[in-house]
Structure formats: structure tokens, C-alpha cells
Amino acid sequence: MSVYLHDIPLSTAQERFKQAIEEAGLWRVLGAETIPLDENALGRVTAEPIWAKVSSPNYHASAMDGFTVRAEETEGAGPTTPITLTLPDHAQYIDTGDPLPDWANAVIPIENTEALDVDGNLSSTVRGPSSIRIRAAVAPWTHVRPLGEDIVATQLVLPAGHSLRPADLGAVAASGHANVKVARHPRVAILPTGTELVPIGSELKRGDILEYNSLVLAAQVKAMGGLPTRFPITADDFDSICQRVEEASRDHDLILLNAGSSAGAEDFSSKVVEKLGTLLVHGVAVRPGHPVILGVIARSHRPERSGAQSKGDSPSTVHRPPSVVPILGVPGYPVSAALTVDIFVEPVIAQWLGRPPLELPEVEASLTRKITSPAGDDDFIRVAVGRVGEKLLAAPLARGAGVITSLVRADGLLLLPRGEQGAEAGQKVRVRLVRGQSDLDKTIFCIGSHDVILDLLAQFLAEHDRRFVSSNVGSQGGLIALKRGEAHVAGSHLLDPETGEYNLAALRQYLPDVPVKLVALVHREQGLMVRRGNPKGIKGLGDLTRPEARAEPSRSVRFMNRQRGAGTRVLLDYHLNLMGIPAEGIRGYNQEEYTHLGVAAAVASGRADCGLGIPAAAQALDLDFIPLFHERYDMVVPETYAAGPLLAPLFDVLLGLNFRQAVSALPGYDVKEMGAIILEK
């Protein structure tokens, strides 16, 4: 049974919230203000239509530097039949933008005239000659900007509800306005709650959580056109939260109460809304963002002036703000919080500003792997999007509600509507883009084995106008992705137990008919990562199955493994086999992480005592490293992409000195073969 009051469909929750706002008389533009027409008006939304006060230009203006003439007096002029016009009666010099004399109706550019002196000889005084000779006729109004060419007085310049762009500001100014009437910014209060929260920049101790949700939410609100106010952190105390919400209600149009929206012992948000107003919704069938709270509360009144003054109001007019304030209980997980604001806040702010709601452009793409979804929820999935050959691909990113970096890496959102339990690899899906189309065409898709230098490579490629997007699925997964045409490159370090060679046998197995280049990236160390001081006294793989652990459980070693298909997993199994160590005897052998950093984090957090990985990952999380093996880590590139312009900067970076030096500065790498072609088939 759900612990929420109602686990309702997303569309029902949105309609219920909208209806409550309408009943409060707030589903409208909240107010307007007149502001100076300057660069600060950029992005503001017009509160009324803007009509031209003057024409632009407001006279017949020259469009060129040259000479004004009567067009009819140039008839018959040609290369062998020039016509001479005397100044000032039949021609007159004019600069661009100057008004034409009343008698003139055309302009001849200065470069199309020959300046003559009083004797009819060529003159060096090109702007003040006695006469000019022309060798081509001009039609009436040639090179003239007639009155009202751009704007005619009384015409509509911009409609109400228009978001002002740079060019719009110029058009409004050209039409004779010095001020512009715009919708006032909706005022949005953002209230972070949680005893465990600490401000950005704090020295962290165990159990502390940096409070950055309010920063993200405030930036979202500002981008939507709202005016955010970030309140200080409020501890998990019912009365304190009530007091803070009442304080925010006095001079804000909307309240975002962050965290405490679930059903834990210290989740007070729903009770706060119930005490101060009406709880409309607690729990929406959407992921991420399940424990959303929607409600309205009574405004805590105090005498105040409204920021908006209607036309005709006297300066002393006092407005009473609405008696209720909408409130959202926003989930504490960062991804859930951001998505909740996009879903529920954007339409409200759009209505309050009088502009259309934001609509993201959509593209059709093919999924790179199978995904599953709860059948009863609308599931928003973050994806990386890129073009590989003729196919536009969508690669699902980490789906945890707390993985804020998945929003950073996301190019778009895929919505699996309630009733659908997932989608298959290769299935066509609609993706709402949060990144420009041009960026997608500059994206290099790397799917395969993980190494921290791939992040370094992404930074170097960014300097060459390329996006390097890596998905860590293991070496075997990368080769399979290349076979399916779902990646440009794959990182791989698959050891052949028979020959001791890397990747060659795997290429024959997985890509027998695909011409590829096998490019050496680095030689690197692999070893066991342990906590500082090596409290378990681990020396090698033999310690993973200590016989004495049966008698002394405290002596046992918990291991964190890599996923099946990872080159590191293959390397481990190879050496376990050589040493005669049974995998089933290793505590944690079936516990899997998808990256070296994931294994390192498991050790650093105490979930495991050790894990196989690379020195750079150990250094990143302040772990000790026990070196065991050396291996070659390669990049596999299909020939069809290796020869194209998209990957040209990749090879330039690999052969360049700067990237080699940056990698060499990390522990455990040898770059002597970087960029070398190991195999071309």
C-alpha cells in the first residue's frame, strides 16, 4: 500500500494544481510594470501590444554614400553614352542615412560616378565636384530607404506575451518608445530543509550533505523568467518550517519547499501544507520525482505595496496581494527536484508572465540498449544523443534520482509513458532535446571500457570543438556496440588467455567483417585498491580467500568486482585461474561496479575492503594501491569513421605533446605507444 495520500497520474496532478490556482484567481498575468528600454529589458515579456509611435525611417533616407538624382534624368546613360549632371541643381552629394532633397528620387553610389571639374576633366574632389558623369541609368527609388520602409507609425511592432530578444529591443526603440511595459517577475521563494544540510563551501564531515538544490532551482526559476529568493537552510523541525513558510508567503507568489516531501519520520512538508492551507497532491506517478507535494496555503498578510501599478493608478494606490499562495513540496534528490520544477513550475510561470509554455524540440533516435520502467509511472529518462553514421542514437544515462551529473551529461529526455514497461535496444523513441542540434553533430560516441583518461580526453577534444561522450559498458560491450553501428570508438583491453595479447582475438571474434584500426592509447597498471594504511594487510589476490577467515571472520576480505564483459574482470579471472583461486570462494565476487572510480568509491565508503582497478582511481579517492599487473589499453575505431572529419581532432590530440604530458602526470600510465596503430584490418 502506498504511504502517500494519493499516487495519482501526472496529468491529473497537473490539472488539480492548475484548477486550484484558477480558483484563487491566479491563472493569469500577475501584474505589469513599465521599465526603461535598455539592455536590462532583454528576456522580459511584453505585457501589452507595442504599437509604433513613429515611422522608421521617418523620411526618405539614402542607403548609400553617393549622389542624389532625379531618376528620369539618368535615362539613356550607358557605357558609350554617358550623361553629365551638374551640381547642385541636378545632383547632390549625400551620405548614408541622410534625408533626400525633396526633388530627388534616387541615389547613385559614389563608386559608379566620375567626378568632373568646371572644365569637364576628371577631378580628385570626388565628394564636391562641379559635375558628375554616369554610365548607367537608375530606376526611381534605387538605393533609397523610403519613409516607413522598416516600420510605419501605428503598426504592430510586438504582440503581448512576447519574450524580448536583442533585435526586438532595437525595433521597439526604432518605433519611438523609450520605455516598455512588461509582465512583472513572479517572485518565487526557495526553502531548503534538512538537519543534515550544510551550505556550499562547508568543510564536510560524515553525514553532511551540501545544500545545492536551492542553487539549481533558483537558476531554473530565473531562466523561466521568475525572480527567485533562496532562504537559509531550515532544520527538520515542524514549527520552524511552518514559520519559514509563513514568512515566505508574505511577499512571494510561489513557494518551493525542498526536501521532506517523502514519508520518513522527519518529512514534514505535507503536514506543513495541511496546517497552513490545502494539500492537493502527495505523490505523483512520475519518475524521478515520485513524492511531489502540491498545495495552496493562506498568505500571511502584512500591509505592503504591490510591485505592479496599473495604468491610471495614482502613486498612492495600495494593492492587496492574493489571499493564497501555491506551494510545491519538491523532492530532495537533485534530479527529482530539477525535474519537478520543469514539470510543475514552468507552466505556472509561463501563465503568470503571459508567454507560451516552453516546448523542447523533439527528434527521433534509436536506443543503444534495453531499458525497463515501472508500468504505472511516467518515466523521464536522461539520454546522451549523437549521430553515428546515418543513425541518431540515444544512450540512456545513470538513472539514480541523486545523480546530478546525469543532468549535466544529458542531451535530452526520453519519456516512457505510464503503461509501458520499457523499450528494446534499437527501438525508435522520441527525445526532447535540451542541447542544440549542432552540438549533436559534433559528438564522438565512445562506448566500452572505462578509464579516467577518457574524461581528460574529453577536455582536450572540447578545445577542438568536439564533444566526447563515453558510456562505460565494458570492453566486450564496446565491441558489440561497434558491430551494431552504435559508437564511433570503443575503449578495450581484452586479454587473450591463450596468447597473452590484448584485443586481437576479440576483434576477430566480435568484428570479423568490420574494417577497424586498433590504436594504442596507454600501457597502465592494474592492482588492488585498499583504504589508507591497508587495515586488512592485503598483499595480493591470494588474500581474497584467506583460510583463517573461517575461524576469524574479521580477517575476511570483502571484494568489489567489475561487471561481466569488462576487461578488468577478464584480467582478474585470468590470474585467478593461473593461481588456482576459485571465484566462488571470494566474498563479493558477484558485487559489480561499472567503472574504476565506482570500485574506488565502494572501497572508500567501506562497502568493500578492496577492488581491482587503476592507480589514478585510487589516487582520486585517497586510497592505497597495490600494483599487480601491467596491460595495454587500446581504442578500437572502425575505418569508416577513422577517415572522417569528425574524428580527425581525436588523432591530433593522441599524437600531440600536451595530452601525453597530461596523462603522464597521472600515476600508473606509460604513453610511449600512444597513437600507434597496432592493427589495421
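Two strands are said to pair if DSSP finds at least two bridges between them. In this predicted model, strand 20 (residues 293-298) and strand 21 (residues 324-330) meet that condition with six bridges, in the antiparallel sense. Within this pair, I297 has V325 of strand 21 as its bridge partner.

**The six-stranded sheet and its helices**

Strands 20 and 21 belong to an open sheet of six strands, ordered 16-13-17-21-20-18, in which the pairing is mixed. Strand 16 (227-230) and strand 18 (277-282) occupy the edges and have a single partner strand each, so one side of each is left without a neighbour in the sheet. From one strand to the next, the twist averages 20°.

Helix 5 (residues 269-276) packs on this sheet, where it touches strand 17 (254-258), strand 18, strand 20 and strand 21. The direction of helix 5 makes about 145° with that of strand 18. Helix 6 lies across strand 13 (187-192), strand 17, strand 20 and strand 21, and runs at about 160° to strand 21.

Helix 6 (residues 334-353) also packs with helix 1 (residues 10-23), at an angle of about 35° and with the axes 11 Å apart. The crossing of helix 1 past helix 6 is right-handed. Helix 1 contributes L10, A13, Q14, F17 and I21 to the contact, and helix 6 contributes I343, F344, V348 and W352. By class, eight of the residues in this contact are nonpolar, one is polar and none is charged.

**Pairings of strand 9**

Strand 9 (residues 131-134) pairs with strand 5 and is also joined to strand 8. The table sets out both pairings, with one bridged residue pair for each.

| Partner of strand 9 | Sense | Bridges | Residue pair |
|---|---|---|---|
| Strand 5 (residues 83-86) | antiparallel | four bridges | I83 opposite I134 |
| Strand 8 (residues 113-116) | antiparallel | four bridges | A115 with I132 |

**Nonpolar cores**

The largest nonpolar core holds 49 residues, of which L457, F468, V489, M635 and L647 touch the most other members. Helix 9 (residues 453-462) gives the most to this core, with five residues. Apart from this core lies another, of 39 residues, which includes L26, L30, A218 and V221.

Which residues does L647 contact, leaving aside its neighbours within four places in sequence? L647 is in contact with I444, H488, V489, V637, Y641 and A642. V489 thus appears both among these contacts of L647 and among the core residues that touch the most other members.

Technical notes. Residues numbered from 1 in each chain as written. Predicted model: local features only at pLDDT ≥ 70, side-chain atom pairs only at ≥ 80, totals over all residues. Heavy atoms only, no water. Core = buried A, V, L, I, M, F, W, Y, C linked by side-chain atoms within 4.5 Å. Buried < 20%, exposed > 50% of the residue type's maximum accessible area, 1.4 Å probe, protein only. Helix = DSSP H or I, 4+ residues; strand = E, 2+ residues; numbered from the N terminus. Contact = heavy atoms within 4.5 Å. Axes fitted to C-alpha atoms, helices over the stretch in contact; angles between N-to-C directions. Left-handed = near helix turned anticlockwise from the far one by under 90°. Nonpolar A, V, L, I, M, F, W, Y, C, P; charged D, E, K, R; others polar.
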